[in-house]
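Biologist: Please take a close look at a single part, one loop residue and its backbone, and then continue to the side-chain pairs, the helix packing and the other unusual backbone points.

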Amino acid sequence: MFRDDFVWGVAASAYQTEGRDVNDGAGVSIWDTFVSKGKIADGSNADVACDMIHRYKEDFAIMKTMGVKAYRFSISWSRLIPDGIGEVNEAAVSFYRDMLITMRENGIKPFITLFHWEYPQALEDKGGWVNPESPKWFERYAQVVGDNFADLCDDFITFNEPQCTINLGYVRGYHAPGKELPLKDTLFAAHNLLKAHGLAVKVLRQKAPNARIGYAPTCGVAYPASDAPKDIEAAKRRYFGFDEDLANWGWNVSWFLDPVILGRYPQEGIDLFKDDLFEITKEDMELINQPIDFIGQNIYNGYPIKAGDKGEIVYEKRDRGYNQTAMGWPITPSCLYWGPKFLYERYHKDILITENGMACCDYPAPDGAIHDGERIAFLDKYISNLQKAADEGASIMGYFHWSYCDNFEWTDGYTKRFGLVYVDYPSLKRTIKDSGFWFKEVMETNGKNLSINNSCKEPLFLEPHFTHNIWGGTKLRDVFGYNIEGDDIGECWGIAAHPNGKSVVKSGTFRGVSLDDLYRDHSELFGTKHDKFPLLTKIIDAKSDLSIQVHPDDEYAGANENGSLGKTECWYVLDCDEDASLVVGHNAATRQELADMMDQGRWSDLIREVKISKGDFIQIDPGTVHAIKGGVVVLETQQNSDITYRLYDYDRIWNGSKRELHVDKCKDVITVPAKDLSDAIIHDTDKEQGVRLLNSCKYYEVSRVNVTSKLDIEVSDKYLLFSVIEGTGLLGSHPLKKGDHFILPVGFGTARFAGDMKLIMSCEALVKES
């Protein structure tokens with residue numbers, strides 16, 4: 001969970017929420033002008049917006065109900081000082097003071113943002129941020145804010161997303177004031193904005209000496225395509241580097257942060273912009289480099305980066321059909337891990353997430369509620385990643401959700417909804433969405449309900465590992481549908497975490513993670529913990545006979561196989577030819593007779609064959625002579641070990657020579673006399689729905705599951721392994737088919753199966769035999 005003093009809040013801006021009143025005395029902002037030119041997607045304007053100018057008391061009461069602890073909002077410069085530098089609008093002072101008082105009465109801590117794009121049109125007419133006087137204009141504005149509100153607010157943010165102000169407003173012209181200026185002018189505008197930040201910090205230090213002051217830039221996060229150190233380093237270089245087109249240069253992290261925190265522009269940028277840079281004085285940099293208390297950061301998404309063969313930065317393609325928000329932005333939860341982590345490593349300042357959230361296509365359900373489960377899933381993954389960064393040492397100060405309520409979304413008008421509170425714009429009625437109630441619990445518990453702090457609630461579907469064997473066939477492809485080439489496919493390691501073969505999570509939160517890494521790094525999924533994942537599940541297709549073999553127990557393997565585990569296993573016969581058989585046990589009465597038969601090659605006298613049929617279950621304890629014969633397909637559950645001793649291999653040639661035999665070790669470990677067959681084989685012919693326990697030993701429990709309609713299985717104190725061996729069906733909303741392998745983690749709850757299928761279920765034995 002997050003630290004005890006963590007700041008939880010919601011955010012909004014003045015222009016997007018306040019609206020206007022005929023008596024409000026506000027001046028015209030650049031957005032009023034921009035809107036009047038028909039630049040908004042739905043032809044709307046912000047004259048009413050959310051009408052917070054009249055409804056703020058209602059909104060703060062709603063926030064209190066939602067458990068909101070802090071509210072980040074902006075003062076409208078053009079409302080407070082209509083022409084930007086002249087007389088102060090006393091109506092605005094009264095309005096904002098009463099807002100602050102009402103917040104505090106509702107237990108909400110205010111965070112004032114001085115500038116969230118509400119630039120006075122009167123100052124834009126003088127050149128805006130390109131005017132060298134613009135820093136002084138902002139200094140005067142900061143003085144007015146400090147004079148009137150410092151007694152009611154302890155936290156200030158100077159600028160919101162300066163990259164958007166410059167790049168969208170002055171470089172691309174997509175946002176107000178809608179200009180497309182030469183590179184030299186936009187670089188100068190950015191420099192003036194940074195100087196304005198420095199002047200504002202100095203003023204606020206004078207007016208509110210005990211206040212915390214920060215700054216809130218943005219940018220997409222370059223995150224590594226893998227956890228390989230070279231990819232991490234490449235992503236970090238890209239995040240702080242300069243790979244933007246000069247016509248889109250403003251989307252840059254270090255140009256807007258290095259001067260503020262480090263007191264210098266990054267050299268890479270200076271080299272890139274050298275033909276368009278103006279004189280940058282020592283005095284300028286000292287002004288910009290005012291001490292601040294935290295770095296605010298608005299983070300919504302990122303882009304994957306990997307290192308090329310020579311260490312160069314490579315932009316990795318996104319997955320086909322990647323998830324997107326209603327804005328068309330990619331959903332990339334790891335950006336809220338890598339972004340804060342990279343920022344803290346570079347700047348060593350508290351990180352405050354000043355904006356994060358998503359636009360959804362929210363719509364009232366028949367019960368009138370807003371069931372926005374996709375937003376809950378989004379926030380859970382993002383905030384969990386933020387906690388991961390904090391857990392690993394990044395100093396994360398707080399998190400503000402964008403936004404408190406649906407509002408005027410700039411050039412998208414009212415077509416995009418980011419809020420935890422739904423606004424019905426015709427009536428302006430507020431409705432708390434499901435995500436608002438969920439976020440209330442997040443704030444109340446300091447994140448205890450996040451998935452990172454709880455057992456995973458999603459099935460872990462696995463991509464198998466395959467082996468090619470001299471005795472293998474084609475049924476794993478032809479019958480089970482696995483996409484694997486060759487006519488010698490012997491084994492499908494469906495649930496495996498062994499160095500010789502690892503299954504990988506197919507989808508979901510842990511997509512692409514191998515089972516051994518998952519077991520090592522996420523013990524919360526499994527409950528118990530060993531040096532390695534204890535079980536291994538295989539499907540074996542024996543086109544011809546496997547070698548006659550035996551497995552050692554743990555004690556013998558530990559002493560003779562570099563500390564390896566021994567091997568206890570069991571087979572469930574999935575299919576077999578008519579009159580098929582298996583080798584299970586031997587006929588030697590004494591150890592001397594066993595040695596004589598082996599030395600004399602009397603294999604037909606030694607081995608014991610048993611006729612089998614589909615559905616038979618056979619337990620193979622260590623020391624049991626055994627072999628799967630040709631024409632048999634089994635599902636094998638075993639200890640996570642690959643130790644096998646061969647007695648005999650029919651003198652077959654593999655890769656140009658006979659395979660190694662282990663005669664002396666076999667003589668050591670074979671149990672004499674052999675176990676009685678009646679203790680080793682179960683005939684499972686039951687067709688009724690339900691679960692049948694087939695075997696419970698010191699290493700595992702194995703059951704057969706028949707599903708003919710609907711069947712619930714509780715998953716509480718132990719994780720369960722499943723392999724679908726016949727038919728099709730559902731696990732909740734997940735389609736299942738023959739050949740699927742998956743794990744249900746500890747605490748999964750009720751697993752609801754439906755359809756017509758058969759599965760093998762296994763689990764680690766929690767109570768060991770004495």
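Modeller: Glu161 is placed in the loop between β4 and α8 (162–171), where helices (H or I, at least four residues) and strands (E, at least two) are DSSP runs numbered from the N terminus. Its phi is near 45 degrees, a positive value in a residue other than glycine. At 7% relative accessibility Glu161 counts as buried; buried means under 20% relative accessible area, exposed over 50%, and partly exposed in between, with a 1.4 Å probe and protein chains only. The model is a predicted one, in which local features need pLDDT of at least 70 and side-chain atom pairs count only at pLDDT 80 or more, while totals for chains, interfaces and linings use all residues. Residues are numbered from 1 along each chain as its sequence is written, and side-chain values use heavy atoms, with hydrogens and water left out.

His348 also has a positive phi, near 55 degrees, in a residue other than glycine. This histidine belongs to the loop between α14 (335–347) and β10 (350–355). Its relative accessibility of 59% makes His348 exposed, whereas Glu161 is buried.

Two cis peptide bonds may be considered next. One joins Trp402 and Ser403, with omega about 5 degrees, and Ser403 lies in the loop between β11 (396–402) and β12 (421–424). Another runs from Val672 to Pro673, with omega near -10 degrees; Pro673 is found in the loop between α22 (663–669) and β31 (681–683).

Strand β4 (155–160) also borders a loop that takes part in a charged pair: Asp151, in the loop between α7 (134–149) and β4, is linked to Arg97 in helix α5 (residues 90–105), 54 residues apart. The closest N and O atoms of this salt bridge are 3.0 Å apart, a salt bridge being a side-chain nitrogen of Lys or Arg within 4 Å of a carboxyl oxygen of Asp or Glu. Arg97 is partly exposed, at 26% relative accessibility. The structure holds 56 salt bridges.

Among them is the pair of Lys195 and Asp284, whose closest N and O atoms are 3.6 Å apart. Lys195 belongs to helix α9 (residues 183–207) and Asp284 to helix α13 (residues 282–288), 89 residues apart. Both Lys195 and Asp284 are buried. In a further salt bridge, Asp516 and Lys502 bring their closest N and O atoms to 3.0 Å. Asp516 is in helix α18 (residues 515–521) and Lys502 in strand β18 (residues 501–502), so this pair ties together parts 14 residues apart in sequence. Lys502 counts as partly exposed, at 38% relative accessibility.

Salt bridges also form a network, which links Asp362, Asp372, Arg375, Asp406, Arg417 and Lys433. Arg375 is, in addition, one of the residues in a helix contact: Arg375, Ile376, Leu379, Asp380 and Ile383 in α15 meet Asp434, Ser435, Trp438 and Phe439 in α16, contact meaning heavy atoms within 4.5 Å. The residues of this contact divide into five nonpolar, one polar and three charged; Ala, Val, Leu, Ile, Met, Phe, Trp, Tyr, Cys and Pro count as nonpolar, Asp, Glu, Lys and Arg as charged, and the others, Gly among them, as polar. Helix α15 (residues 373–391) and helix α16 (residues 434–445) pack at about 30 degrees, with their axes 9 Å apart. α15 is therefore roughly parallel to α16.

The axes are lines fitted to C-alpha atoms, for helices over the stretch in contact, and angles run from 0 to 180 degrees between N-to-C directions. Angles under 35 degrees count as roughly parallel, over 145 as roughly antiparallel, 65 to 115 as roughly perpendicular and the rest as oblique.

The aromatic pairs complete the picture. Rings of Phe, Tyr and Trp (its six-membered ring) pair if their centres lie within 6.5 Å, planes under 30 degrees apart counting as stacked, over 60 as edge-to-face and the rest as tilted. By this rule the count comes to 64 aromatic pairs. The rings of Phe115 and Phe138 have centres 6.4 Å apart and planes at 80 degrees, so they are edge-to-face. Phe115 lies in strand β3 (residues 109–115) and Phe138 in helix α7, so parts 23 residues apart in sequence are tied together. Phe115 counts as buried at 1% relative accessibility, and Phe138 is buried with a relative accessible area of 0%. The rings of Phe722 and Phe742, with centres 5.1 Å apart and planes at 10 degrees, are stacked. Both Phe722 and Phe742 are buried. Finally, ring pairs link Tyr15, Trp31, Phe34, Trp117, Phe408, Trp410, Tyr414 and Tyr425 into a cluster.
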